[in-house]
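Trainee: I've got the model open and a few things I'd like to talk through. Can we go over it together?

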Amino acid sequence: MTLLNDPQEPVKIRCDEDLLALIPHQLGYEPRNCAVLFIPVSSGGALCLKLPTPSGTEDLAEYAQQLTEVTATTGHVHQATVVVYSDTAVLSQPEEDFFRAAWLGLAVEDSGMRATGGFVVGPEHWWNLQRVDEPQPVSGISDSQLNAHMVALGSCFNELTPEQPGQVPDALRHRSSGFLDALDHLTEGPGVWHTEDEVPEDHGFAYEGTHHEWVDEQWHCHFQAPACYERDLRRWHDAIAVMNSGGADWPSALLSLTDQHLARLVMALTHNITRDAIFYSWLTGDQDRAARAHKGLQASLREVLSLPAPAIEYCATREDIAEGLCCAHAVLGQWESIPDWATVEAAYRILEGLDLLLSHGLESAEAFRGRERRCSMVHADVVSARAQLEVFRGRAFTAMGLLERSNEIAEGREGARTVRRRLDIQDIPWWSTDPRTAWPGDRWWAKRNDPRHAHEKYL
């Protein structure tokens with residue numbers, strides 16, 4: 001579910017093309033083979049609710065009740081527009097998609113809202129259900145005034161998402177093999193999580209008898225030495241700096257990193273505490289705060305588990321403990337500050353690129369048989385990290401879809417379970433409820449386009 005923000009920079013929907021042009025900007029990508037409900041809310045904005053396209057054979061009353069429950073707390077004004085996106089909607093046979101859109105309109109009506117319109121969007125044409133005999137070219141959507149306005153504000157939707165088949169750039173295709181080789185080198189056999197320059201057994205940072213194998217997740221409780229997690233945080237910091245310096249051509253910026261660097265970015269997401277510290281570094285835009293939070297979180301966990309203290313040089317200070325608590329609140333969406341959206345967006349692009357590399361490489365390379373399970377596990381962690389960032393952006397429904405995909409790739413990963421638990425506690429962070437602080441936010445877009453803040457893109 002996505003919140004339409006920016007009341008100080010109003011978006012005017014003048015025609016059907018404007019409405020259809022707005023949805024990809026709100027979702028963050030061009031939807032395909034799904035349905036979207038565009039739901040105005042009392043604050044003057046709107047919600048975009050993306051859901052699987054119904055077949056029309058579902059129980060209408062039960063489906064309508066589910067819609068009622070999902071939208072109960074959204075503050076909607078009892079109306080919604082139905083849009084069905086389908087690759088099968090072509091001039092020769094669009095009738096089945098017309099039926100699905102009309103059926104969804106009935107479900108909207110039975111849920112207590114008024115269906116204010118219905119559309120079907122295909123690969124080359126789109127239809128208004130009130131004028132099904134007048135197909136319109138989809139080029140009119142991209143040429144609309146609203147689309148130009150959103151682009152001028154700095155918004156763009158990503159057409160390279162792994163959820164969209166056939167959209168992998170050639171450059172990413174060519175790199176997937178080398179990237180998987182580097183990843184495979186890091187994920188081979190017991191003790192996989194320890195590289196040659198890390199010292200996991202020193203300073204009391206390992207559990208006695210813990211066996212780090214892919215067959216179970218005991219390694220999640222492993223305590224890392226500061227040199228290890230600080231190195232992971234620095235790699236992510238450097239990657240984000242590269243992405244921010246690359247402008248709109250983010251695939252090229254991402255691929256300027258070595259295969260080893262990309263593989264280590266993935267591996268950093270497989271450790272529970274390090275993963276949260278990385279999320280915190282994205283929210284704050286501050287690598288040093290995240291390092292202190294990591295030390296504080298490890299110390300707090302040791303206290304909870306009544307474990308022996310580590311060597312004195314690795315003990316956390318009171319300030320570290322406080323930073324760890326702040327990190328815990330931040331990743332729950334209960335932080336008093338505003339996310340550093342430039343860093344969050346750069347991190348999301350990196351995750352999308354890693355997702356694409358893993359998706360393409362594992363689907364296309366026969367040579368990788370025998371190591372799919374290991375790579376699938378880390379792939380699931382990348383997808384669940386994308387879900388966490390969607391939560392930060394206020395898109396809980398999109399996050400749930402990514403969590404489902406993560407579980408399809410590798411079921412039962414701790415990263416996905418953690419994001420799901422956080423969604424149960426609070427599905428929308430506080431900053432997403434205020435247009436002045438929510439993603440993308442008028443202030444962030446204005447700041448992004450202000451040359452006085454250009455230097456901040458590299459921090």
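Trainee: Which residues in the largest nonpolar core touch the most other members?

Mentor: Keep in mind that this is a predicted model. The largest nonpolar core holds 69 residues. Those touching the most other members are Phe 179, Leu 183, Trp 236, Trp 282, Ile 350, Leu 354 and Leu 389.

Trainee: And which helix gives the most to this core?

Mentor: Look at residues 341-364, which put 11 residues into this core. That stretch is helix 13.

Trainee: Which residues does Trp 236 touch, leaving out those up to four places away in sequence?

Mentor: Trp 236 is one of the core residues with the most member contacts. Its partners include Ala 347, Ile 350, Leu 351 and Leu 354, and helix 13 spans residues 341-364, so those four sit in helix 13. The rest of the set touched by Trp 236 is Leu 265, Ala 268, Leu 269, Ile 278 and Trp 282.

Trainee: How many residues are in the second, separate core?

Mentor: Head for Ala 80, Val 82, Val 84 and Val 108, which are among its members. The count for that second core is 22 residues.

Trainee: What share of the residues in the protein chain is buried?

Mentor: The chain has 17 helices and seven strands. Buried here means under 20% relative accessible area. Out of 459 residues, the buried share is 54%.

Trainee: Is helix 10 oblique or perpendicular to helix 16?

Mentor: Helix 10 covers residues 272-284 and helix 16 covers 414-425, with axes 11 Å apart. They pack at an angle of about 55°, and roughly perpendicular would need 65 to 115 degrees. Therefore helix 10 is, relative to helix 16, oblique.

Trainee: How many charged residues are in the contact of helix 10 with helix 16?

Mentor: From helix 10 you have Asn 272, Arg 275, Asp 276 and Phe 279, and they meet Glu 414, Gly 415 and Arg 422 in helix 16. By class, one residue is nonpolar and two are polar. The charged ones number four.

Trainee: Is Cys 315 buried or partly exposed?

Mentor: Cys 315 is in the loop between helix 11 (287-305) and helix 12 (318-331). Its relative accessible area is 28%, and buried would mean under 20%. So Cys 315 counts as partly exposed.

Trainee: Which residues does Cys 315 touch, again leaving out those up to four places away in sequence?

Mentor: Don't go by Gln 298, whose C-alpha atom is separated by 9.3 Å from that of Cys 315. The residues touched by Cys 315 are Lys 295 and Pro 310.

Definitions and conventions
Residues are numbered from 1 along each chain as its sequence is written. This is a predicted model: local features need pLDDT of at least 70, side-chain atom pairs count only at pLDDT 80 or more; totals for chains, interfaces and linings use all residues. Side-chain values use heavy atoms; hydrogens and water are left out. Axes are lines fitted to C-alpha atoms, for helices over the stretch in contact, and angles run from 0 to 180 degrees between N-to-C directions. Helices (H or I, at least four residues) and strands (E, at least two) are DSSP runs, numbered from the N terminus. Angles under 35 degrees count as roughly parallel, over 145 as roughly antiparallel, 65 to 115 as roughly perpendicular and the rest as oblique. Contact means heavy atoms within 4.5 Å. Ala, Val, Leu, Ile, Met, Phe, Trp, Tyr, Cys and Pro count as nonpolar, Asp, Glu, Lys and Arg as charged, and the others, Gly among them, as polar. A nonpolar core is a set of buried Ala, Val, Leu, Ile, Met, Phe, Trp, Tyr and Cys residues joined through side-chain atoms within 4.5 Å. Buried means under 20% relative accessible area, exposed over 50%, partly exposed in between (1.4 Å probe, protein chains only).
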